[in-house]
Amino acid sequence: MSMSLDERVRSAVAALLHATGESQAGLAAALGVSQAQVSRRQSGAAVWSLSDCEAVAAHYGITAHDLLAGPTRAAEALPAARRRAPGRHVPSARPAAVDGGA
């Protein structure tokens with residue numbers, strides 16, 4: 001069974017977030033929306049509109065067609081300069097390391 005267009009877009013956005021190391025909050029700021037709005041779109045509670053898709057594609061330097069084609073195509077189209085460097089650690093929600101002298 002093939003993915004619906006909505007599923008393809010959500011998967012493509014997830015792949016782009018992963019490939020760049022960007023957070024939902026970072027994408028939201030770039031799009032001028034709240035992190036909660038990005039989260040709702042990514043969870044399927046809301047849909048990515050065509051104008052959203054154009055904005056996401058422009059943000060990542062790919063075409064809307066690449067985004068709509070799904071995660072593989074979107075990730076392959078991502079410019080090398082936007083990719084997370086191999087081995088670069090992306091900040092996560094984990095607590096910071098304890099500094100031995102606390």
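## Leu 67 and its neighbours

Leu 67 is a good place to start: leaving out residues up to four places away in sequence, Leu 67 touches Arg 8, Ala 12, Val 13, Leu 16, Cys 53, Val 56, Ala 57, Ile 62 and Ala 74. Keep in mind as you look around that this is a predicted model.

## The nonpolar core

Leu 67 also belongs to the largest nonpolar core, which has 18 residues. Together with Val 13, Leu 16, Leu 27, Trp 48, Tyr 60 and Ile 62, Leu 67 is one of the members that touch the most others in this core. Helices H1, H2 and H4 (50-60) each supply at least two residues of the core. Which helix gives the most to this core? That is H1, with six residues.

## Where H2 meets H3

Next, turn to helix H2 (residues 24-31) and helix H3 (residues 35-43), which pack with their axes 8 Å apart and at an angle of about 110°. Angles of 65 to 115 degrees count as roughly perpendicular, so H2 and H3 are roughly perpendicular to each other. The crossing of H2 past H3 is right-handed.

On the H2 side, the contact is made by Gln 24, Ala 25, Leu 27 and Ala 28, while H3 brings Gln 35, Val 38, Ser 39 and Gln 42. By class, the contact of H2 with H3 has four nonpolar residues, four polar ones and no charged ones. You may recognise Leu 27 here, as it is also among the core residues that touch the most other members.

## Where H1 meets H3

H3 has a contact with H1 too. The axes of H1 and H3 come within 8 Å and cross at roughly 125°; the two helices are therefore oblique to each other.

Arg 10, Val 13 and Ala 14 are the H1 residues here, and they meet Arg 41, Gln 42 and Ser 43 of H3. This contact divides into two nonpolar, two polar and two charged residues. Gln 42 is named in the contact of H2 with H3 and again in the contact of H1 with H3.

## Met 3, ahead of H1

Finally, look at the segment before helix H1 (5-20), where Met 3 sits. Is Met 3 buried, partly exposed or exposed? Its relative accessibility is 36%, so Met 3 counts as partly exposed.

Beyond its neighbours within four places in sequence, Met 3 is in contact with Arg 8, Ser 11 and Pro 71. Met 3 and Gly 70 are 67 residues apart in sequence, yet their C-alpha atoms are 9.0 Å apart in space. Arg 8 appears twice on this tour, touching Met 3 and also Leu 67.

Notes: Residues numbered from 1 in each chain as written. Predicted model: local features only at pLDDT ≥ 70, side-chain atom pairs only at ≥ 80, totals over all residues. Heavy atoms only, no water. Helix = DSSP H or I, 4+ residues; strand = E, 2+ residues; numbered from the N terminus. Buried < 20%, exposed > 50% of the residue type's maximum accessible area, 1.4 Å probe, protein only. Contact = heavy atoms within 4.5 Å. Axes fitted to C-alpha atoms, helices over the stretch in contact; angles between N-to-C directions. Parallel < 35°, antiparallel > 145°, perpendicular 65-115°, else oblique. Left-handed = near helix turned anticlockwise from the far one by under 90°. Nonpolar A, V, L, I, M, F, W, Y, C, P; charged D, E, K, R; others polar. Core = buried A, V, L, I, M, F, W, Y, C linked by side-chain atoms within 4.5 Å.
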